[in-house]
Every structure is written in structure tokens, then in C-alpha cells.
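Here are a few notes from my pass through this one. Have the structure open while you read.

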Amino acid sequence: MPPGLNVVNCKAVYAKCVISLMNDAFNYFNKWTCIKICYKLALIYFGCLISLTEMRFMKNKLLLFIFLLNSFIGFSQVDTVFWFVVPEVSWQHSPDKGEPVFFRVSSLSTNTVIVKFEMPALDSVLGEIELKPFQSKNFDATYLVRDNYNINNPATGADNDPNKGLANDANILESGLPGMEGVYQPAPGRLAEKRGLKISSRSKFPSTKTNEITVYCDRFNKNNKDLFSLKGKNALGYDFTIPGQISEPIVSSITSNPATLCAFDIVASQDNTKITITPTSPMKKEGNVNPWPAGVPLEIVLYRGETFSCVSIDYQATNFFGGSTVTSDKPIAITWKDDSLQPGQDGGYDLAGDQLIPDILTGKEYLVMRGQLGDPEYAYVTAVESGTTTVEYTGGGSFTLSDRGKQKRIGMNVAAGVNPAIDALHILADKRIHVLHITGTGSEVGGGVVPTIDLCTGSKDVSIVRSLTDSGDAFYINIMTDSANIGDFKVYVGSQGPDSLNPAWFSRCDTTDWYYLTSNNFTNAKGTSGNPYYIHSIGKDSVIRFINPGRFHLSVIENSSGGCKYGYFSSFSVDTVGSSVGSDAGNSANYCWGDIVQLNASGGKTDTSYYWEFLGSDPLINEWISRRDTSPAYVRLKPNGALVTNYRVTVTPECPLDPDNPTEYREPEVKVYEKIELNWTATVLADSCSPAKVEIENNPQAWVNYIWTINDSEGSKEIEHKITYLENPVAITNMIEYMDNTTLSTQSYDIEVVANQNYQCQETQVTTLQIFPNCIAAIDTVAPNNEVVICSGDSITFQNITASAFDQFIWDFGDGYRSPLLDSTVANMVSVTHTFTNNLEKDTTYSVWLSVYKYNGGLGTCIDSAEIVVTVHDNIKALFSPDGASTGCNPLNVDFVDFSIGNPAKTYYWDYGNGITSTNTSGEIIQYENTGISPLSYDAKLVITSVNGNCKDSLTIKNITVYPQPEVYFSPDVDSICNGDSITYTIDSLIPAGVPVT
């Protein structure tokens, strides 16, 4: 073994070798080749004996590294997809304060992003929020946990919160609800738990490239709160050792449902995920009977979004799950919580929890920054590798952990038996370990997983949201970074800034190059002017953003009366070199001729630590449209035919795995389909009116689908033609279609052609056609009730009510009469009256036509006609006369003779004027009388009715005169007279007036 090497640094070099080879293996080796090469190198150069157990371990880790290498984001808590299980938390601390559950989301994108919250196993989208560049917002999920909650009035968790809702132990969001824990295999008729939450972001405008966000879950019941920082891809893995502590109990005074217990919750990100859980303590099962025993592996299968809750049987620390292991064949995420933890065992108690990281992201060196606890404050160290792990820490302390899952705590303050207190605890181990930190303020705690510092971990841009603003609240920021970065911090508080952190506020940790922000330096609930560390007032929901060109780790402690929140907001993983194609960051991508291809690379030291090369044989098809030393770079491809090619990017990483070879290479693959050529025409035929006859001619390409969309006034219709020469050598190339224009004026209508190759690529072309309106003739009548059934001799008034434009029109009444061709300006012919006759003994119909003409120049004349059918009943005429004298003395006999015209089936009605009526169909002899003294005149009338009863005619003969018969009577005034005397005679006769008497 070379001098200066021991077991510790031998293992370090071996791990470095593995990581380096795995990066190269992504493109050049399969995983087994990678492992064998690394194994041989370790044996040759360091003489390190690697056990078969470690080989199995490295095989599993290799799978995860290959999974992680597919990412473009760079493996930090800044990400685009987050899987999470919201832990079930007791509300019994303060039932009247509600149970607020918020997701605090911050954008680190220069573009507007849309963030979606969904529960995939329930096929349910909970909602979306929109974030402008670098904006932060809250997504209120309390309505999923509490009944009668008004989402329009967000909860505050305060004593007087008017919107606390009601406890709901049957809610759909929280894991491990009472009686639902330990559903380790869906029983018959029993559905699996489906409480997994997926949070994803996308750019509002698809052409933009970035949509990175940070998310944390804020559970802030006034007296039982903590934050859970979501870690994106860093939370997904195949192999986990639970770092939860096994020394501090949970308060026992709150034991009713929901009880205060320790738990960890698993969510699957893919279907059919096989998971093995080996607990260090018994796990509750459904119904809280027959717990699953400690040390016995439990195998379960979960589908995408399904969850499993591992819940302790009681609140004793000895029954907690620190050191338990979980393995899976597909990526999973795990949430840990100790509900109502009581480190001092006689003071306050509070929620502690975090989303965990897989073992692959653990390291050997840690820096733990002390918080503000008055109760004992500890860092909890858990071994993640088999065999003995040796741990050294600040002040010369050391201990060993006998095997994977074994755990020990390190005190940091006076209450934990350390005097003076350790502000920055430096931990160094010879094997990889987890470090969990329980801290807080006073006797209120929070918990969080600590990131390792022995690899290139950390972030350069962190945004957090301050959510507590009561008068007694405290707000602390802990930062650790390399010495070179302490003078480069820029801080924004809302719209204020940037301001700088004073380098004098940082102190060195032991003999390392790491510095930490001295305790109490960046604190105060709202920022107190005059404080030596004052920057800006930090109000409720203020967004605080820290930026540094170098890497740093940042944690937050928020405190209010009765509760504390704690968590890290920085990367937990190594920045590995990666490459991808497209805004969705795939490993290879399909593009179309002429597309702009986005080439992505990550892991470079700076934005210009990249160099792109085109590996194709014909550089003329490769058109660079951006600089080639950046990520992303953009190129346009226009190949002759289809193309499959690779690009090579040379990356200079910030933390090279091999200092002697500081560059790495990646080769993302790009496939470009051949160009789609559109060659078609659409012509309106000259002799057609609307609907216009359109001839479409197409010269198709093989393997291309053509969809014609024809838009006109009747809407749109699609005609799809698939041209496949191998199946149909005689391809259909021509079509006749019709386009309607039912408006009153000439319209421009489009024919759109979309040609695509298996829906991968498409070209669109639009042709605009001028479609003239058709003449839509319209006719109406002004006859009573629009009556168009008339009797012979009746008249009807017709109106030209054509709405569309026309130039000339003509009337044709169907009885031989036509109007001349009239100009549209002839107003007196727009309304015409016409009389119809029918001399037949049956009904006759006449078609009345209105024809309108529109002259469209060289495209022909549009003609349209409208018809009204008029029915004229058979002609009838009442005719009769007396045969002989119609004047005479009483009694006078008059012989009436009928010679009326019409269908013999017509009906008669005689009224002779003397009270005699008749329906006789022929004439009669009627006797008229006059017994008076004056002449009498009579009128004789004949009414005839057509067969259908609709038409009538009448004739009246007047002045049939009847004189009274005279009666003569006279008498003398004396009976006898002498000769020569006179006699006077008196006439007593009835003599009609006007009759002379002689």
C-alpha cells in the first residue's frame, strides 16, 4: 500500500474511482463493467480488500447514480418534480388553533412557471399556482386535512384564527391516520393507501428552458409545528437507512387519536415498486393489533403515488425506528417525523421531521451549526455501511458504530453536558454516515437532515419564506460555506436589496476551510434597526433570497410561542456532469427538419465551462445559432433526409473527480426527421357559386399524413388522407370540396393543411380563398295570414325580401305573366300585386318565382330563386233571371231560370226575398203576393258555393214588383132623386195608391 494511505482515505479514493467511472459508464460501459474496473483499480492501487457486501452495495448505488445522471437540473433541492408524503400530525396540542398545512413555493426561474399539485394514485389534481420569475407563493392544503375550512381565508394558527376548521381523521392527505397504519399489503376488498403527493413545475411558455422551483411543507399548528424541505430528485432513491433518533421520547400526555408517535412514510414514484422494510422496532399494523416484529423484513408492492406508513407502537424512544432500512427496485421517497418530541424530557414538546435522503447522498464529513435550544441539543449520527464505522468530532471526541443502522448522539450545548457549547460541530467518519440534527429555540424543537460537506454539495441560490410574525417570534439563518465565499453573499428581502453579509460575521470551523455564520448573527423576528446585524425588516410572508457564486448550505429556524420549525434549503448531492436534449431534459430526443435543438449540460464550473461539437459527417446541415461554450446551447438542423447523430460536450466541472483530468465528456443523441415538403393548390372553379366548388390538388410524400381543415361560414370540417405508398401505390391526390358563404358579403376563408410524419413532425400551410356570397332569394306575401290559397279573381301582394346582395331580379307568376328583368334599385317592384283567375271547373296551382342575379365578374353569375305556390280554386259564377214578367198584380208568379257557371257539385242557396229560401240546384216558380194597398218590391238572391266551400259568388235581382189587386165599391148619398137632381157617390173601394180611378 502506498505510504500515507490508510483504510479511511483508501475508501475515499475507491469511492472517487467509482463515481468517476460511473460518469464515464453512462455512455461507454455497462454497470457490471464499471464495477469490475473500479474493483480492479482499487485492488491494484490501494490494496484495499472490498467485501462482497460492499460490491452488492455499490451495485445498488450504481443504479441510483445512473438514475440521477439522467437529470439536467443539477441534483439540488431546486427541481421540477417533487414526491412527498404529508405526515399525520396530532392536533391535540391545541385543538382550537386548527392545523394549517401550507406548501411554500419559490421560483428560481427567469421565466413564469406553473406549479401543479396532484395525487396521482387518486387521479386527482388539487390545484395550480403561477409564479413569476423569482416569486414565492403559498399553496394552502389545509382544506384537505380539516373539515369546514375556507380556503379563501388562509389559516394563521393563531389563538383567534377564525378559520381553523374541524379535525378530520378521515382526510385524504395525511399519512398513517388512526387505524390505517401498517397496511403492508392490500387485503381483499381493501384499497392501498393513495396519499402520495406529486408537485411539478412547467414553464408557462413552452419555448423557455427553465422552470426550477423550491418547495417546503409548512405544518404550523401553533404548538406543534415544523417544516419539511422537499428535496426533489435528491429525495428519490433505492436504499435508505432511517436516521431518526432513538434517544429522546415523545411526550406521553397526548395519546388519543391522533396519537403522538414516531413514523416514517414511503411513497412510490413508479408502478409496481417492490420495497423491503427492515424495522429496528415493532411496527403498528392496521387496527393496532399484532405489530410487525422488529428485525423481520417486510416486503410490499406499491404503485405510483401509493404510500405506506411505518408507525411506532408507542411514544417510547426505545421503540422508534432509527437505523431501520428500506430498499426498493424503483425510486421511492421517505418522510420521517417524531410527533411532539421532548428532548429535555421535562420541558416543551414539538414536532420534528424532514424528508429524508437516500444513503447514496450521505458522506463522511459534516458541519452541524448549533441553534438556540435551551433544552439539550444533539446531532444524531447513524452508520449506513456494514462493519465498524469510526467517528471523530470537535474537541477530540470519538466513538465507533458497530454496524449499519447503529446510532449515537453528540451533545452541542450546556444542557447536553457540553461546556462551552459547540457553535459548529465538525464530524469526520471513515465510512459514510447520516447526520440528523434536533435543534430549535428554548424548549421548542424542529428536526432536519444535515448535508455532507466532503463532496461538491451545496447551492448557489436559495429562497425562503418567513411565515411567523407574532411579537415574540424569532427568525434565525444558519449558513456554512467555504472560506472563499464568505464575502460574496447577496441578500434580497422582498424587493429590497441586494445587501451583503459582513464577512466578519463568519467564524471558522475547527481547522477546516469551512466557515459558519456565527450564532445570533442573522436573527430578529422582524429585523430590528440598530442591531449590528440588521439588514431589512422581515415581515410575514417575506421572501428572502441568498445568492453566492460559490456553494453554501443554509438552514432556517423559525420560532413562535409554543412551536419551532427547522430545515435545510440547499443541495444534498454531488454536482455530477450530465447532458440532455430539449427543454424537458431528455437523454435523447426526436426533432424535425429546421427545428432549433436545445443542448443541455450540467456540472460545469461556470456558465461557460462547456464546449459543444457536432459529430456528424456533414457540418453544412449543422447551423449554430448560439455560443457553443454555454449551457444550454442552440443549434438548427436541416439534414438531407433523416439524421441520427450525436453531439459531444466537454465539461470543466467545478469539482473535478480527477484533478489530473479536469474535463469530462457527454454525448447526447439527436434524431432529426426528413423535411416535409408541402406542394398543393386549391382553386375555386369559375362556374360555381356558394357553396363554391373548390378543387384541391396535392403532390404527396410517402409516409406523410395530410389533414385538410376547411373553414367557411358553416364552421369547419377535417378531411384526413394518409399517403402510404407501400400500401396504396396509387395515392389519392385530388379532391373536390365545397365552401359555403352564407353571409351578405365576400369573405376570406382558409384551407389549412397539416402534414405530419407519424405525428412526430409536421408542417402547416394555409391558403386563403375569396368566396363570394350566394344570392339567397327570399319571397313573402302580405295576404291575410300569408294565405296562398285563393279564389279565382283574387289578388295577392308579393314582396322581395332577399337579404343577400343582388344586382337584378325578375317575377314569374306562373300564369303566363313575367315581369321584365329589373334592377335592384327599382323599389316599386320590390312589392307587387297580382290577380289570379281560374276558368276551369277544378283547382289550379301556380308557381310564383322570384329569381335574383349577382354578377361576380369573371367568376360567373350567381342565381337563386325562391318559390311560393298559389292555389286558385275552380271558377264559379252565380247567374239566373226570371223567365217572363217580373212586374204584375197580386198574385204574381215568377219563373226563375238558373244558368250559373261552375262545377256541377257546387251548392245553391236561394233567397227569394219573400221569406222563401231554397237549396234547389235549379230554378223555381215563386208566387209573390201583395194584399196591401201599395206596390211591393222583392229582391231575389242566389248564392253559390264551390265544392270545397272556400269560394262563393252571388247574384241579386231587384225590384220584382207586385201590385195589389183593386176592389171597387161605391154608394149614392140618396136612395132616390127627382129629375134634374144630383146624386153624390162615395167610393168605398180599396184602390192601390197611384191607380187612376175613372
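**Notes on a small sheet and the cysteines**

1. Quick reminder before anything else: this is a predicted model. One pairing to look up: Asn893 sits across from Gln927, which belongs to strand 63. The strands involved are 60 (residues 892-898) and 63, which run antiparallel and share four bridges.

2. Zooming out, that pair belongs to an open sheet of three strands, ordered 58-60-63, with antiparallel pairing. Strand 58 (880-882) and strand 63 (925-928) are at the edges with a single partner strand each, so one side of each has no neighbour in the sheet. On average, neighbouring strands here are turned by 30° against each other, ignoring direction.

3. Which cysteines are joined by a disulfide? Cys791 and Cys951 are, with an S to S distance of 1.9 Å. The count comes to one disulfide. Cys791 is in the loop between strand 51 (789-790) and strand 52 (795-800), while Cys951 is in the loop between strand 64 (936-945) and strand 65 (952-963), so the bond ties together parts 160 residues apart in sequence.

4. For the geometry people: the torsion about the S-S bond of Cys791 and Cys951 is about -100°, so this disulfide is left-handed.

5. Are the two ends buried or exposed? Cys791 has 14% relative accessibility and counts as buried, because the cut-off is under 20%. Cys951 is buried as well, at 3%.

6. Two other cysteines to check: Cys564 is buried, with a relative accessible area of 0%, whereas Cys978 is exposed at 52%.

Key
Residues are numbered from 1 along each chain as its sequence is written. This is a predicted model: local features need pLDDT of at least 70, side-chain atom pairs count only at pLDDT 80 or more; totals for chains, interfaces and linings use all residues. Side-chain values use heavy atoms; hydrogens and water are left out. Two strands pair if DSSP finds at least two bridges between them. Helices (H or I, at least four residues) and strands (E, at least two) are DSSP runs, numbered from the N terminus. Axes are lines fitted to C-alpha atoms, for helices over the stretch in contact, and angles run from 0 to 180 degrees between N-to-C directions. A disulfide is a pair of cysteine sulfur atoms within 2.5 Å. Buried means under 20% relative accessible area, exposed over 50%, partly exposed in between (1.4 Å probe, protein chains only).
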